[in-house]
Amino acid sequence: MIGRGKVPHAIMLYENDGCGAVGLALAFLSDLMGTARVERLIHPDVSFIFPVAAGPKAGGDKPTSDSYMQYWRELVSANPYFLESDLNDALALDGKSSLIAVQEAKILRDRLSLSSLEGGYRAVVIYLPEKMNADTANRLLKSIEEPPEKTQFILVTHAADKVLTTISSRCECIRLAPLSKAEVAGVLTGRFGKTAEEAAEAAALSGGSVGVALRSLSERSWSVSSPLWKRC
């Protein structure tokens with residue numbers, strides 16, 4: 001798309017949980033914007049929106065993604081194959097129902113009304129748009145349908161059929177297939193330092209998701225080291 005100069009202004013990546021679509025979005029934007037700072041999550045013209053709820057890591061009773069940005073950056077930097085549950089754990093939401101509330105749309109519209117800080121592309125990554133309520137979608141619709149010049153939207157969903165039609169119909173939808181067992185094992189050994197044996201066992205149970213494989217390894221490690229297991 002970038003090579004042909006034909007990049008849709010809004011792209012929706014549809015993945016299974018933990019297959020790395022956020023990392024892919026960052027790599028794409030890095031090429032589009034011509035800087036590795038995007039992948040390091042320090043580019044001032046890249047905004048992130050994700051589901052949140054009130055919790056001990058955010059001040060006030062109406063937090064937004066900005067309230068949790070430090071924890072989002074830490075999670076994505078450490079593991080771009082994170083699961084939805086990993087995000088909830090990182091934000092310390094303790095099982096609360098999270099959503100993308102209308103305040104997010106207000107903040108984003110104000111941000112997009114200003115010029116980009118570096119004079120080039122601006123980008124917005126929306127993680128789990130299926131958790132966007134109707135009010136939020138209606139306020140974001142015009143921005144997604146007719147964005148300001150050089151503004152790129154990327155949405156990452158795990159349930160494309162649950163994304164409001166008013167939003168999904170404005171996006172170029174790309175289905176990301178689950179990884180093969182060999183690909184999952186390669187990521188586990190190459191990026192996360194797992195042994196070949198650990199990687200092969202986890203990959204076999206992963207369903208093509210690196211995030212699921214990492215969770216299974218974490219749970220296995222916990223069960224082996226727990227005092228209850230030792231007593232048994």
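Modeller: Accessible areas here come from the Shrake-Rupley method with a 1.4 Å probe, and for residues only the protein chains shown count as cover. What you see is a predicted model, where local features need pLDDT of at least 70 and side-chain atom pairs count only at pLDDT 80 or more, while totals for chains, interfaces and linings use all residues. Residues are numbered from 1 along each chain as its sequence is written, and side-chain values use heavy atoms, with hydrogens and water left out.

Biologist: Okay, what area does the protein chain expose?

Modeller: Carbon and sulfur atoms supply 51% of the exposed area. The area that the protein chain exposes is about 11700 Å².

Biologist: And what share of the residues is buried?

Modeller: Buried means under 20% relative accessible area, exposed over 50%, and partly exposed in between (1.4 Å probe, protein chains only). Among the 232 residues of the protein chain, the buried share is 47%.

Biologist: How many helices and strands does the protein chain have?

Modeller: Both are DSSP runs numbered from the N terminus: helices are H or I with at least four residues, strands are E with at least two. For the protein chain that comes to ten helices and five strands.

Biologist: With those elements in place, what is the radius of gyration of the protein chain?

Modeller: The radius of gyration is taken over C-alpha atoms, and the globule rule is 2.2 Å times the number of residues to the power 0.38. For 232 residues that rule gives 17 Å, and the chain comes close to it, so it is as compact as a globular protein of that length. Along the principal axes, its C-alpha atoms fill a box of roughly 60 × 45 × 35 Å. The radius of gyration itself is 19 Å.

Biologist: What share of the contacts with a separation of 6 or more joins residues 24 or more positions apart?

Modeller: Contact means heavy atoms within 4.5 Å. In the protein chain, residues 24 or more positions apart account for a share of those contacts that comes to 72%.

Biologist: Now the charges: how far apart are the mean positions of the positive and negative ones?

Modeller: Lys and Arg count as positive, Asp and Glu as negative, with His and the chain ends not counted. Each charge is placed at NZ of Lys, CZ of Arg, CG of Asp or CD of Glu. The chain has 26 positive and 27 negative charges, and the distance between their mean positions is 2 Å.

Biologist: How many salt bridges turn up in the whole structure?

Modeller: A salt bridge is a side-chain nitrogen of Lys or Arg within 4 Å of a carboxyl oxygen of Asp or Glu. Asp86, Asp89 and Arg215 are linked in a network of them. Over the whole structure, the number of salt bridges found is eight.

Biologist: Which residue forms a salt bridge with Glu118?

Modeller: The closest N and O atoms of this pair are 2.6 Å apart. The bridge links distant parts of the chain, 81 residues apart: Glu118 is in the loop between helix H4 (102–112) and S3, and its partner is in the loop between H1 and S2. Glu118 is partly exposed at 43% relative accessible area. The partner, also partly exposed at 24%, is Arg37.

Biologist: Which residue does Glu145 meet in a salt bridge?

Modeller: The N to O distance is 3.2 Å. Glu145 sits in helix H5, and its partner is 25 residues away in the loop between helix H6 (165–168) and strand S5 (172–175). Glu145 is partly exposed at 35%. The partner, partly exposed at 28%, is Arg170.

Biologist: Which residues are in contact with His9, leaving aside neighbours within four places in sequence?

Modeller: His9 is found in the segment before strand S1 (10–14). At 32% relative accessibility, His9 counts as partly exposed. Its contacts are Ile144, Glu145, Pro147, Thr151, Gln152, Phe153 and Arg170.

Biologist: What is the phi of Leu41?

Modeller: Most residues other than glycine have a negative phi. Leu41 has a positive one, and this residue lies in the loop between helix H1 (21–33) and strand S2 (46–49). Leu41 is buried at 4% relative accessibility. Its phi is near 60 degrees.

Biologist: Leu128 has a positive phi too, so is Leu128 buried or exposed?

Modeller: Leu128 has a phi of about 65 degrees, and its place is the loop between strand S3 (122–127) and helix H5 (134–145). With a relative accessible area of 2%, Leu128 is buried.
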